[in-house]
Amino acid sequence: MSFIGSISKTGYRAAAAALVASVVIASAVGAQGLGSGTTVFRGADLHTVDNGVISGGIMVVRDGKIAAIGDSSTAVPAGATVVDVAGQRIYPGFIHSYSNLGMSDIDSVRGSVDIGEIGDNNADIQAEVAVSADSIRLLPAMGGGVLYAHIVPEGGIFSGTSAVIRLEGWNWEDMTVTAPTALHLSFPNDGDAGDDEEAPESKAMKALNEAFDQAADYGAAREAGLRLDADRKLQRVLDVINGDLRLIVHADNVSQMEAAIKWTDEKEINDWILLGTTDAAYLAEELAAKKIPVLMETVLGIPGRDFESYDSNFSAPGKLAAAGVQFALTGQADTAFARNVPFIAGMAVAHGLDPEAAIRSISLAPAEILGVADQLGSLSVGKEASFFIANGDPLEIVTAIDQVWMRGLKVDFERDQQRQLWKKYRDRPTSP
Amino acid sequence: MKCSTPMILGATVLLSALAVSASFAQPDPQAFRSGTPEQPAVVLVQNATVWTSGPQGILEGADLLVRNGKIDRVDKGLRAPRNAVVIDGTGKHVTPGLIDAHSHTAADGGLNEGSNIITAEVTIEDVVNHEEANIYRELAGGLTAANVLHGSANSIGGRNAVIKYRWGLSSAGMFFGAKPGIKFALGENPKQSNWGSANRYPNTRSGVANSIRSSFEEALDYRAAQKEYAEKSKARADLIPPKPNHQLDVILEILDGKRLVHSHSYRADEILMLLRLCEEYGVKIASLQHVLEGYKVADEIAAHGAGASTFSDWWAYKYEVRDAIPYNGAIMHDRGVVVSFNSDDAELARRMNLEAAKAVRYGGVDPAEAFKFVTLNPAIQLQVDDRIGSLEKGKDADFVVWSGSPMSTASVAEQTWVDGRKYFDREADLAMRERVAAERQSLIDEILAEAASEEAAEEDGETGGDTPDTPDTPDTLDTPDADPDSGGQATLRDWYDFFVAVAKGQAR
C-alpha cells in the first residue's frame, strides 16, 4: 500500500501535532526519574521483540518496570491509570550502540566536547562521568525512539571504559544502566603484512603489546605480594586479561579486523566485541564461527573501494544476518544524528535484512551484546518500562512517534529546545 | 558474494594499479558505462503510482509516456504505441529525477580557494570530474541533476556548475545550459571561526557584509571607468583602457542579474543582512543555501523571493547551527518560501527521496509537497524548472522507477532515466557485478598461480624473477583498444594484460 492515500494531509498534521501535545495522564507526567504507581497501556500492538507482536494487547507498568504484558484479556489492576493507545504500536526504546550522547553538545566548541582524551593508554577513563543530563542532544534523540546509548570514550590505543546510559535522568549516576560496560581498544591500523612473518611490528602494535604484557606482569607481581604503586590503567587491562571486563575492539577495515581476531586468539581473550565498519561483512562466516558479536557502523557510508557495488554498505547487515553473526546496527558516533538510527536499520531492510531482525538490531541485539538484556531491549516483564508509541513502523521516516515513556514516566518534550523554537517561530505573527 | 581477504587484497593491488594506468588513458575500466545509452523513441511506464511534482499531483494506477527523451503525457489507461519500450509499473512508484541544489559531487578537489575573501574568478566547471563513481552511486539513488558548488571559505566564492547525471559522458556533456550561478557564503566559514588561525579579513559577520558591499562597489567603479574610457576614447587615442578584471566582470554579471546567487548562510541575522544588502543593489538571491535559521526570518525570505535550500535535520556541528531545527523546511514552506532539501554530501545524495520524507515527519508537510523539496523546488531555485523537476509535458524525461513508495526506507530505485535514456538499472547492475566478480576471481587466481610458479622456480635455484620469460612484450605500450565484443569498452582483462606488459617493460 502506498503512503499516499492512506494518511490524509490533515492526518499528517494531526500526527505531527500529537508529537508535542501534552496529554495529561495522572501524576506520571513530566518529572524525571522513576515512575510510581501503576499505568496500563491498552489496545496497542505490542512489538515485544523477544516474543512477537501482541495485537491489541495490554501492558501493565508499575514502579518504572513492566509488570505484566499480554493480550486483551490481561487483567487491569484496580486503581491503575489507563492510557488508551488503540490503533498504535509500542516498541521498546532503541539503543544507540556506538555513541557519545551527553558527552558533546556543539562539535566545534571545544568547551562543550568531552569525547577524546590525549595519550596512548587511557584505560582508566570512564565515559559516564562526563555525561551532562541536560545536553541539548538527548531529547531530540528520544523523539526518534532512541532511549538508551552505549557511550564510548575515544583517544589512545586503550580509550577507556564505556557505559550504557538512559537518555533521561537527574544526573549521570541516575542515568547509568551499567558501567563499566567494556574496555575499548582502537586496534592499530598497520595495513596488511600478509603472510610476511618478518614484517616489523608497528609502533602502535608494540605499544599495545607492551601495555598488555605490563598488565599481566602487574597482575603477577601483585598476586605475588610485591608492593607496587596502584596503576588503574594497567588494572583495567588486567581486568580484561582476567575475564572480569569485556573488551571492545575498534577496527575499521578487513586487515585490522583480521589482525584483531588473530591478536585476541593469541592473548586468549575469548569474550570480546568487534566495533567496526561494514567491512565486517567480508568476515561474516569467521565472525559467526568464532561467535564474535559486532557493533556495525557505516551502513550509510560510501563504499570504500571502487570495485565495491554501490549498495555494498547498505547490504552488509543482511550478509551478517545470513551468516548468523550476532550484530547491532549503529550510526557513526556523531550523536546529532542518533535520532536517525531507526532509518539506518530501514535502509538495511531495503537491501536484504529481515524487518524483524532490523528492529532487533537496534533494540534487543545491542542489549544482549552489551550485557544489559536483563534490563532493557524488549517489552517483557521485569524490564525497564522505557518504550515509545508510534502510529506505524518506526523504521519509516513518515511514521510519527506520539509518546515516549522512560521508566514508567512520560517524557516531556516541551523541554526540547528544538520543539520550543519550532513552536515559537511557527506561531510568529505574519509580518505586515 | 563472499570475499576472502587475499581476494580483496589482490584485487586492491590490481585495481589500484589499473587506476594509475587509467589516469593517462581512456576508457576508465572502472566506468560502468562508456558513451550514451540509447534513447528509445517511445517509453511507456504502465500502471504505476506517479508522483508528478506538477499540477497533476500524485496519480495511482497511472502511465507515463515518454517520446524522444521528453515527457509526453501522464494519464491513466494509455495504450502502448507501436515499438514502445514498455515498463510494467504495477506496484511501483515513478517520480521525477531527484535534484540536489547543493552538491560537491564530481568536483575534483579544489573546493575552496581560501586565499582571498572574494574569488569570483574561479569556477567549478573547470574541475568537474565526469569519472567520479559517486555520480553513478547517486544515480542509483534516483538523483539526476545537481548544483555543484564551490566551498564556503569566501563571501563571494567560485562559480557553480549545474550538471545532469549523464554518466559516461565527458564533463562538458553533463552541462545542459542552466543559467550560471555563483556561491556566496556567510558566517563562521568566511570569517574563519574554525580555522587554525584567523589572520585574513574578515573576522566578523559585519566584516563579511562589508566584503560583499566593497566588491559590489568596486565592480560598479570598474564599470564606470570602462564607460568613461569608452566615451572619452572616441575623441582621444592616447587613453589607456581600464585593466581587464575577470573577477569584477563576474561581479557585474551578478549585479546585472545574469548570474544566480546561491548563498551559504545559517543565522537569521546574516540571512537578513544579505537580503537587505542585495536589495540595495537590485540583486535578487536565487537560493539561500543551508539557511538553517531561515525559519526565524521566513516571511522576509518569502518577500524577497529567495529560495531556501536547506538540510532536513543537520545541526549541532558548530555554534551557528545550534538553533537548527528539523522543522525549518516546514515553517519556511508554510510561509511561502520555495524550499528544497540538499545533500552537501555525496553519501546523503544517494538517498534524497528519504530526506523529503523528513518534511512529513517534522512539521507535517503534505507528502506530494514534501517530495517537491527534492524535485520541482530545487529546479525552480536553479531556474531550470522549464526543463526538469516535474513530470509534465515537454519537460526532459528524467525519471525514476522505485520498487515502492519513494518515501519508504524499504524502497530502492530500480531504474533511473535521464533524457529518456536509462542510465541506471538495478537488474543490470546486479548482473554486471556477477560478471565482474567472476573476472576478478580469474585474474586473482592467475596472479596467485604466477606467484606460486615463480616461487617454485626460485626454489629450484633459477633466477626467473629478474628475466621476463615471455618474449611478447610489446614494443610500444599501446593502451587497450576498445573491444567491439564488450560494447566498445576495454575489458578488465585488457587492462590486466596491459598492466602486466607495463610491469615487464619496466623490469627490463
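**Entry 1. B:Lys70 and its partner**

I looked up the exposure of B:Lys70 and found this residue partly exposed, at 35% relative accessibility. The model I am reading is a predicted one.

I then searched for an acidic partner. B:Lys70 makes a salt bridge with B:Asp396, and 2.6 Å separates the closest N and O atoms. I noted where the two residues sit: B:Lys70 belongs to strand β3 (residues 70-75) of chain B, and B:Asp396 to the loop between α11 (376-381) and β15 (399-402) of chain B. The pair therefore ties together parts that are 326 residues apart in sequence. Is B:Asp396 buried or exposed? I recorded a relative accessible area of 3% for B:Asp396, which is therefore buried, the cut-off being under 20%.

I also asked which residues are linked with this pair through salt bridges. The network holds B:Lys70, B:Lys164, B:Arg166, B:Arg387, B:Asp396, B:Asp398 and B:Asp419.

**Entry 2. Two further salt bridges in chain B**

I examined B:Glu347 and B:Arg350, whose closest N and O atoms are 2.8 Å apart in a salt bridge. B:Glu347 is buried at 12% relative accessible area, and B:Arg350 is buried as well, at 5%.

I next turned to B:Asp429 and B:Arg433, whose side chains form a salt bridge at 2.7 Å, N to O. Both residues lie in helix α12 (residues 426-459) of chain B, 4 residues apart, or about one turn of the helix. I kept in mind that an α-helix has 3.6 residues a turn, so residues three or four places apart point the same way. Here I found B:Asp429 buried, with a relative accessible area of 4%, whereas B:Arg433 counts as partly exposed at 22%.

For the whole model, I noted a count of 51 salt bridges over all chains.

**Entry 3. The interface of chain A and chain B**

How many residues does each chain bring to the contact? I noted 63 residues from chain A and 69 residues from chain B. The area buried between the two chains is about 5,900 Å², and carbon and sulfur atoms give 58% of this area.

I then looked for polar links across the interface. There are 4 salt bridges between chain A and chain B. One of them joins the side chains of A:Asp306 and B:Arg137, at 3.8 Å from N to O. I also recorded 25 residue pairs in polar contact across this interface, both residues of each pair being at pLDDT 80 or more.

Which elements of chain A give two or more residues to the side that touches chain B? I listed α1 (9-20), α2 (138-143), α6 (254-266), α9 (341-350) and α12 (417-426) of chain A. The largest share comes from α12(A), with 7 residues. By residue type, the side of chain A that touches chain B divides into 32 nonpolar, 14 polar and 17 charged residues.

**Entry 4. Helix α5 of chain A**

I took helix α5 (residues 232-241) of chain A as a separate item and asked which of its residues are buried. They are A:Leu234, A:Arg236, A:Val237, A:Leu238, A:Asp239 and A:Val240. I then checked what covers these buried residues, and the cover includes β10 (158-161), β13 (183-186), α4 (203-223) and β14 (247-251) of chain A.

I inspected the ends of the helix as well. At the N-terminal end, A:Asp231 acts as a cap, with a side-chain oxygen 3.0 Å from the backbone nitrogen of A:Lys233. Just after α5(A), I noted a positive phi of about 80 degrees at A:Gly243.

**Entry 5. The two chains as wholes**

For chain A, I recorded 12 helices and 20 strands. Of its 432 residues, 58% count as buried. Among contacts in chain A with a separation of 6 or more, residues 24 or more positions apart account for 66%. Chain A exposes about 16,900 Å², with 48% supplied by carbon and sulfur atoms.

For chain B, I recorded 13 helices and 17 strands. Of its 508 residues, 57% count as buried. Residues 24 or more positions apart make up 70% of the contacts in chain B with a separation of 6 or more. Chain B exposes about 20,000 Å², and carbon and sulfur atoms supply 49% of that area.

Methods:
Residues numbered from 1 in each chain as written. Chains lettered and ligands numbered in written order. Heavy atoms only, no water. Contact = heavy atoms within 4.5 Å. Buried area = accessible area lost by both parts, 1.4 Å probe. Polar contact = N/O pair within 3.5 Å; in protein donor to acceptor, adjacent residues only side chain to side chain. Nonpolar A, V, L, I, M, F, W, Y, C, P; charged D, E, K, R; others polar. Buried < 20%, exposed > 50% of the residue type's maximum accessible area, 1.4 Å probe, protein only. Areas by Shrake-Rupley, 256 points an atom, 1.4 Å probe, with all protein chains shown as cover.
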